[in-house]
Amino acid sequence: MSRADRFNATGFSQWINGSGGRAFRLVAGTGWLALGLVFRDHWWGVVALGWSFFPLTAAIFDICWISVALGGPLSSRTIRARHRKPAA
C-alpha cells in the first residue's frame with residue numbers, strides 16, 4: 001500500500017476531502033487571504049497571500065494537495081470513491 005493510499009484511508013483524509021473539510025478549507029483560505037491583504041506590506045503578509053492559494057484552490061476545485069504530494073490522486077471525488085465505507 002502506498003503512502004498516498006495509507007493517508008487517504010485515514011479519518012482525517014476522509015474528513016478533509018468531505019463536505020465539512022471542504023467548507024473548512026474555504027474558510028481557512030479566505031482567512032489567510034484576508035490576513036495577507038491586511039499585512040501585505042510585511043513579508044509574512046506576502047507569505048500568507050501565497051499560502052491562501054492552497055486551501056482556496058483545494059476547496060474551490062475539490063482537490064487534495066496532500067494526496068498529490070504523497071503520489072496519490074488529485075481529485076477529492078476520486079479519493080472519496082476509492083475509500084468510501086460500505087453502507088451497513
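## A walk through the helices

At 35% relative accessibility, Leu 35 counts as partly exposed, and it makes a handy place to step in. This is a predicted model, so keep that in mind as we go. Leu 35 sits in helix 3. Now look across to Phe 53: the two residues are 18 places apart in sequence, and their C-alpha atoms are 13 Å apart in space.

Phe 53 brings us to the aromatic side chains. Searching the whole structure turns up eight aromatic pairs. In one of them, the ring centres of Phe 53 and Phe 54 are 5.2 Å apart and the planes meet at 80°, so this pair is edge-to-face; the label follows because an angle over 60 degrees is what edge-to-face calls for. How buried or exposed are these two rings' residues? Phe 53 has a relative accessibility of 43%, which makes it partly exposed, and Phe 54 is partly exposed too, at 34%. Elsewhere, Phe 7, Phe 12, Trp 15 and Phe 24 come together as one aromatic cluster.

Phe 54 also leads us to the largest pocket. That pocket has a volume of about 310 Å³. It is lined by 14 residues, and those closest to its centre are Arg 25, Trp 51, Phe 54, Pro 55 and Ile 66. Which elements give two or more residues to the lining? They are helix 2 (11-16), helix 3 (19-38), helix 4 (43-61) and helix 5 (65-69). Sorted by class, the lining is made up of 13 nonpolar residues and one charged residue, with no polar ones.

Stay with helix 5 for a moment, since Ser 67 lies there. Is Ser 67 buried or exposed? Its relative accessibility is 0%, so Ser 67 counts as buried. If you skip the neighbours within four places in sequence, the residues in contact with Ser 67 are Ala 4, Phe 7, Asn 8, Gly 72, Pro 73 and Ile 79. You've met one of these already: Phe 7 belongs to the aromatic cluster.

Last stop: the charged side chains. How many salt bridges are there? The count comes to two. In one, Arg 22 pairs with Asp 62, and their closest N and O atoms are 4.0 Å apart. Arg 22 is in helix 3, while Asp 62 is in the loop between helix 4 and helix 5, so this bridge ties together parts that are 40 residues apart in sequence. As for accessibility, Arg 22 is partly exposed at 31%, whereas Asp 62, at 11%, counts as buried.

Asp 62 has another partner as well. It forms a salt bridge with Arg 80, with the closest N and O atoms 2.9 Å apart. Here again distant parts of the chain are linked, with Asp 62 in its loop and Arg 80 in helix 6 (residues 76-82), 18 residues apart. Arg 80 counts as partly exposed, at 25% relative accessibility. Put the bridges together through their shared partner and you get one network of Arg 22, Asp 62 and Arg 80. If you're turning the model on screen, Asp 62 is a good residue to centre on for this part, as it forms salt bridges with Arg 22 and with Arg 80.

Technical notes: Residues numbered from 1 in each chain as written. Predicted model: local features only at pLDDT ≥ 70, side-chain atom pairs only at ≥ 80, totals over all residues. Heavy atoms only, no water. Phe/Tyr/Trp six-rings, centres within 6.5 Å; stacked < 30°, edge-to-face > 60°. Buried < 20%, exposed > 50% of the residue type's maximum accessible area, 1.4 Å probe, protein only. 1 Å grid on protein atoms, 1.4 Å probe; cavity = no way out; pocket = protein on both sides within 12 Å on 5 of 7 lines; lining within 4 Å. Points joined across faces, edges and corners; volume = space filled by probe spheres on them. Helix = DSSP H or I, 4+ residues; strand = E, 2+ residues; numbered from the N terminus. Nonpolar A, V, L, I, M, F, W, Y, C, P; charged D, E, K, R; others polar. Contact = heavy atoms within 4.5 Å.
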